[in-house]
Amino acid sequence: EDILALPVSVVEETSSIYRELLDRSMIRGRNMQAMVSACVFHVCKNNSIPLSIKEISNLSSLKQKDVSRYNTIICQELELKTNLLDPRKNIYKLASKLHLDENIANSAYNILTLAEKEGKTAGKNPMGLVASALYLACAVNDLQVTQRKICLAADITEATIRNRNKDLKKVLKKNEKSLMKVKK
């Protein structure tokens, strides 16, 4: 809780899920730290808190695979539904990591909003969409930032940015009137 600086409601919901697992005797024989990490991940995801499974597993010194596996077990056993993460929630976090100003982040937010309206975000890696939107926002606003720099910060490949850019550029072309909202 202290390391992640999570809201009290998230900590309480995580504790509630963990107690339910205890009541069902699902903890015995399993890695307790991985179970707690999986509970945290599930609750964060459902509350649109942009905390990746990689960040959680790094903080708990666990393998991503283990946290992911336990998350799957928890969801199946407790019949929990997982909300889809809105990629726009990650924009400001990544923009801050890249030392980009708020105008660029707002432009990226507008690009993703347009893309969502067009149905171009469904089934896509949220971080790939965010990275691509930031890259495109930089280009539209005449700011030189390399794909490589964004990829390293977002922990994705350059191919992902190129592939997402194709879709996002089509959205911008189709909505040229909205392009003014995208620029500073």
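# Exercises on a predicted all-helix model

The largest nonpolar core holds 31 residues, and Leu94, Leu100 and Leu134 have the most contacts inside it. The model is predicted. Work through the exercises with the structure open.

**Exercise 1. Find which elements build the largest nonpolar core, and which gives the most.**

Step 1. List the elements that give two or more residues. They are helix H5 (91-97), helix H6 (102-117), helix H7 (126-140), helix H8 (147-154) and helix H9 (158-174).

Step 2. Pick out the main contributor. H7 gives the most to this core, with nine residues.

Step 3. Look for another core. A second, separate core has 24 residues, including Ala34, Leu62, Tyr70 and Ile74.

**Exercise 2. List the contacts of Leu100, leaving aside neighbours within four places in sequence.**

Step 1. Start with Leu100, one of the residues with the most contacts inside the largest core.

Step 2. Collect its partners. Leu100 is in contact with Ala95, Leu134, Cys138, Leu143 and Val145.

**Exercise 3. Work out how H6 and H9 are oriented to each other, and which residues make the contact.**

Step 1. Take the axes. Those of H6 and H9 come within 9 Å and cross at roughly 85°.

Step 2. Classify the angle. Angles of 65 to 115 degrees count as roughly perpendicular, so H6 and H9 are roughly perpendicular to each other.

Step 3. Name the residues. H6 supplies Ile111, Leu112, Leu114 and Ala115, while H9 supplies Leu168, Val171 and Leu172.

Step 4. Sort them by class. The contact of H6 with H9 has seven nonpolar residues, no polar ones and no charged ones.

**Exercise 4. Decide whether Ser60 and Leu22 are buried, partly exposed or exposed.**

Step 1. Locate Ser60. It sits in the loop between helix H3 (53-59) and helix H4 (64-77).

Step 2. Apply the cut-off. Buried means under 20% relative accessible area. Ser60 has 9%, so it is buried.

Step 3. Check its surroundings. Not counting residues up to four places away in sequence, Ser60 touches Gln33 and Ser37.

Step 4. Turn to Leu22, in helix H1 (residues 8-23). Its relative accessibility is 44%, so Leu22 counts as partly exposed.

Step 5. Place Leu22 against Ala133. The two are 111 residues apart in sequence and 42 Å apart in space, C-alpha to C-alpha.

**Exercise 5. Describe the backbone and exposure of Glu79 and Asp142.**

Step 1. Recall the general rule. Most residues other than glycine have a negative phi.

Step 2. Read Glu79. Its phi is positive, about 50°, although it is not a glycine. Glu79 lies in the loop between H4 and H5. With 67% relative accessibility, Glu79 counts as exposed.

Step 3. Read Asp142. Its phi is also positive, about 55°, and it is not a glycine. Asp142 is in the loop between H7 and H8. With 68% relative accessibility, Asp142 counts as exposed.

**Exercise 6. Sum up the whole protein and say where its confidence is lowest and highest.**

Step 1. Count the elements. The protein has 10 helices and zero strands.

Step 2. Take the extent. Along its principal axes, the C-alpha trace spans about 55 × 30 × 30 Å. Of the 184 residues, 44% count as buried.

Step 3. Check the confidence. The average pLDDT is 87, and 92% of the residues score at least 70.

Step 4. Find the extremes. Confidence is lowest in helix H10 (residues 179-182), at a mean of 57, and highest in H8, at 93. Where pLDDT is low, the predicted coordinates should not be read in detail.

Key:
Residues are numbered from 1 along each chain as its sequence is written. This is a predicted model: local features need pLDDT of at least 70, side-chain atom pairs count only at pLDDT 80 or more; totals for chains, interfaces and linings use all residues. Side-chain values use heavy atoms; hydrogens and water are left out. A nonpolar core is a set of buried Ala, Val, Leu, Ile, Met, Phe, Trp, Tyr and Cys residues joined through side-chain atoms within 4.5 Å. Buried means under 20% relative accessible area, exposed over 50%, partly exposed in between (1.4 Å probe, protein chains only). Helices (H or I, at least four residues) and strands (E, at least two) are DSSP runs, numbered from the N terminus. Contact means heavy atoms within 4.5 Å. Axes are lines fitted to C-alpha atoms, for helices over the stretch in contact, and angles run from 0 to 180 degrees between N-to-C directions. Angles under 35 degrees count as roughly parallel, over 145 as roughly antiparallel, 65 to 115 as roughly perpendicular and the rest as oblique. Ala, Val, Leu, Ile, Met, Phe, Trp, Tyr, Cys and Pro count as nonpolar, Asp, Glu, Lys and Arg as charged, and the others, Gly among them, as polar. pLDDT is the predictor's confidence in each residue, from 0 to 100.
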